[in-house]
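Biologist: I have the sequence and the coordinates open. Please take me through them one question at a time.

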Amino acid sequence: MGFDEQKVRGGGWPRPVIPRIGARLSYALHSVLAANPLYRRLGAWLERRQRVYRWFTRAERVAKEQLYGCRMCGQCALPDTGYTCPMTCPKQLRNGPCGGVAASGHCEVHPDLICVWVTAIERAQDAGHGADLDLLQRPVDHRAWDRSSWVNYWQGRDDGLGVAPSADDPRPLLRRELGLSPR
Amino acid sequence: MSAEPSGGGLRAAFAAGRFAVTAEIGPPRGADAEAVTRKAELLRGWVDAANITDNQGANARMSSLAGSLIAQRAGVEPVMQLTCRDRNRLALQSDLLAAGALGIPNVLLLTGDHPRFGDHPEAKPVFDLDGVQLVWTARTLRDDGVLISGKAVSPRPSWLIGTVENPFAPPLGFRARRLAKKVAAGAEFVQTQYVFDIDVFERWMAGLRDLGVTEHCKIIAGVGPIRSLRALEFMRTSVPGVHVPDLVDRRLRGVPADRVAEEGIQLCVETVQRLTTIPDVAGVHLMALGYEHGVPDILRRAGVPRPPAVLSDHNRHHSMEGIGHAR
């Protein structure tokens with residue numbers, strides 16, 4: 001016996017989520033949460049207080065789950081993806097859509113849902129953040145699941161998660177001499 | 001050890017600016033080396049290299065590493081496919097090192113079909129890395145001599161790094177940039193999904209030229225004959241990411257049932273001919289699954305020259321004689 005994913009809903013593979021909140025508002029909210037020395041100290045304090053950290057992480061989970069379908073990978077890619085969570089892709093692709101997107105823009109694994117990257121690219125470009133999509137996103141550190149990505153971000157652990165192209169090259173993407181490594 | 005070809009092979013074709021031809025060998029469901037050898041022998045002398053697929057369509061098969069070795073012994077340069085679907089980063093890196101150790105000259109790195117489409121839909125999809133990250137990992141492993149962990153690798157492998165792209169999947173406007181990302185990560189050649197829609201393909205190529213991608217990466221266009229209406233239906237509905245335009249559909253449905261196979265082959269021949277005229281198309285990748293014996297005919301009719309004879313094994317040369325050469 002087995003499940004037909006098309007008939008038995010829930011569980012199973014990640015399902016692409018269309019965020020409930022616009023990209024522009026998300027970028028605006030980001031400035032409220034942007035890393036600064038105060039948040040950095042708050043993050044360090046939270047990590048010393050297990051109970052408070054758990055409550056804080058729970059609040060983050062509820063908020064981001066409702067708004068973006070967050071799955072708590074702990075290394076938030078939202079700022080680079082038009083605030084569309086790539087971890088809701090059934091293949092959890094962090095660097096763009098796979099080659100299986102249907103002509104209609106639907107996901108190959110969940111044909112009833114729009115590919116999360118189709119949504120992400122549209123949102124990023126509409127908000128004037130299309131260039132973010134060219135960043136090379138490093139592999140996920142699976143030790144970070146279920147931890148607070150806000151705390152991780154404030155502590156500087158997300159630095160270089162997406163590798164920024166250099167400013168002076170008109171084709172920054174194609175610079176090999178950056179010494180990029182996927183670590 | 002099979003000797004390295006001197007004039008043939010993918011690297012040599014790229015270096016010489018010769019139109020490259022690759023084909024595909026799907027390893028068998030069974031511990032059957034002969035099945036790979038048989039397909040390799042049909043392709044030998046006609047292609048620069050053949051991809052050895054990695055659990056194609058998420059169906060369990062003999063591994064691409066073993067298949068690559070067998071093909072190499074049979075005188076066909078392998079392109080070892082490696083997907084992110086079935087292996088985490090440890091296993092991917094160890095297979096890359098194995099390919100280097102065994103002298104496999106090319107690897108093709110891709111994300112892979114989801115298990116949903118295969119014979120084990122209940123399997124755990126791994127996708128620890130994505131295709132871009134795997135290309136990146138391979139390039140730093142080879143060029144910088146380090147694993148993802150930062151640990152040094154010695155000696156370094158020397159394979160050519162290939163990848164795939166689908167110019168026909170939405171968002172169409174993003175597909176050139178997606179390949180640019182893979183090229184920035186380290187891809188040196190790319191094989192595309194089946195080209196049935198030349199107009200869309202040409203727009204994608206123009207996008208690649210604008211981004212400077214074609215200066216850094218060889219573009220090999222995917223082609224293949226649709227030899228029955230059943231195959232047409234399968235392509236349209238069951239292969240993720242394949243786009244069959246209505247024009248092709250009408251053409252194949254417009255001929256009598258006994259002429260469909262020939263019409264499909266003719267269409268493939270015409271597609272190859274058109275592709276040879278598009279600037280910066282470095283070759284074709286002929287996906288003729290189950291029709292390997294028809295590959296020479298398609299190439300001959302399309303006028304694609306054979307790669308230079310390169311076989312180290314002298315007693316194989318007689319098989320090359322008497323086969324008509326194209327322009």
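Biologist: Over how many bridges do β6 and β7 of chain B pair?

Modeller: This is a predicted model. In chain B, strand β6 covers residues 189-194 and strand β7 covers residues 218-223. One of the links is between B:Q191 and its bridge partner B:I220 in β7(B). The two strands run in the parallel sense, and the number of bridges between them is four.

Biologist: In what order do the eight strands of the chain B barrel close?

Modeller: Strands of a sheet pair through backbone hydrogen bonds, either parallel or antiparallel. In this barrel of chain B the pairing is parallel. From one strand to the next the twist averages 30 degrees. The order is β1-β2-β3-β4-β5-β6-β7-β8.

Biologist: Which residue of β3(B) is the bridge partner of B:I52?

Modeller: β2(B) and β3(B) pair over three bridges, in the parallel sense. B:I52 has its bridge partner in β3(B), and that partner is B:M80.

Biologist: Why is strand β3 of chain B described as largely enclosed?

Modeller: In a regular strand the side chains alternate between the two faces of the sheet. On one side of β3(B), B:P78, B:M80 and B:L82 are buried, and on the other side B:V79, B:Q81 and B:T83 are buried too. The strand, residues 78-83, is therefore largely enclosed by the rest of the structure, the buried count being six of six.

Biologist: Which residue of β5(B) is the bridge partner of B:L108?

Modeller: β4(B) and β5(B) run parallel and are joined by four bridges. β5(B) is mostly covered, with six of its six residues buried. One side holds B:L160, B:G162 and B:V164, and the other holds B:I161, B:T163 and B:E165. The partner of B:L108 is B:G162.

Biologist: What angle does the direction of α5(B) make with that of β4(B)?

Modeller: Helix α5(B) packs on the sheet, where it touches β4 (106-110) and β5 of chain B. Its direction and that of β4(B) make an angle of about 150 degrees.

Biologist: And what angle does α2(B) make with β1(B)?

Modeller: Helix α2(B) also packs on the sheet, touching β1 and β2 of chain B. The angle between its direction and that of β1(B) is about 160 degrees.

Biologist: Why do the buried residues of α2(B) lie on the same side of the helix?

Modeller: An α-helix has 3.6 residues a turn, so residues three or four places apart point the same way. In α2 of chain B, residues 33-43, the buried residues are B:V36, B:K39, B:A40, B:L42 and B:L43. They share one side of α2(B) because the arc they cover around the axis is only 160 degrees.

Biologist: Which elements do those buried residues pack against, and which residue with a positive phi follows α2(B)?

Modeller: The buried residues of α2(B) pack against β1 (20-25), β2 (49-52), α3 (64-73) and α11 (295-302) of chain B. After the helix comes a residue with a positive phi, near 90 degrees, and that residue is B:G45.

Biologist: Which element gives the most to the side of chain B that touches chain A?

Modeller: The contact takes 41 residues from chain B and 30 residues from chain A. On the chain B side, the elements giving two or more residues are α5 (131-144), β5 (160-165) and α6 (175-185). By class, that side has 19 nonpolar, 12 polar and 10 charged residues. With seven residues, the element that gives the most is α6(B).

Biologist: In what order do the elements of chain A run?

Modeller: Chain A has five helices and two strands. Of its 183 residues, 38% count as buried. Among its contacts between residues at least 6 apart in sequence, 67% join residues at least 24 apart. From the N terminus on, the order is α-α-α-α-β-α-β.

Biologist: Where in chain A does the pLDDT stay under 50?

Modeller: The model as a whole scores ipTM 0.90 and pTM 0.91. Chain A averages a pLDDT of 87, and 83% of the residues score at least 70. The stretch under 50 has 24 contacts beyond four places in sequence, and it covers residues 165-181 of chain A.

Biologist: Over which residues at the start of chain B is the pLDDT below 50?

Modeller: Chain B averages a pLDDT of 91, with 92% of the residues at 70 or above. Another stretch of chain B, residues 312-327, stays under 50 and has 17 contacts beyond four places in sequence. The stretch asked about has 10 contacts beyond near neighbours in sequence, and it is residues 1-6 of chain B.

Conventions:
Residues are numbered from 1 along each chain as its sequence is written. Chains are lettered from A and ligands numbered from 1 in the order in which they are written. This is a predicted model: local features need pLDDT of at least 70, side-chain atom pairs count only at pLDDT 80 or more; totals for chains, interfaces and linings use all residues. Two residues are in contact if their C-beta atoms, placed from the backbone, lie within 7 Å. Ala, Val, Leu, Ile, Met, Phe, Trp, Tyr, Cys and Pro count as nonpolar, Asp, Glu, Lys and Arg as charged, and the others, Gly among them, as polar. pLDDT is the predictor's confidence in each residue, from 0 to 100. A residue is buried if 20 or more other C-beta atoms lie within 10 Å of its own, exposed if 12 or fewer, and partly exposed in between; C-beta atoms are placed from the backbone. The arc is that of the directions from the helix axis to the C-beta atoms. Two strands pair if DSSP finds at least two bridges between them. Axes are lines fitted to C-alpha atoms, for helices over the stretch in contact, and angles run from 0 to 180 degrees between N-to-C directions.
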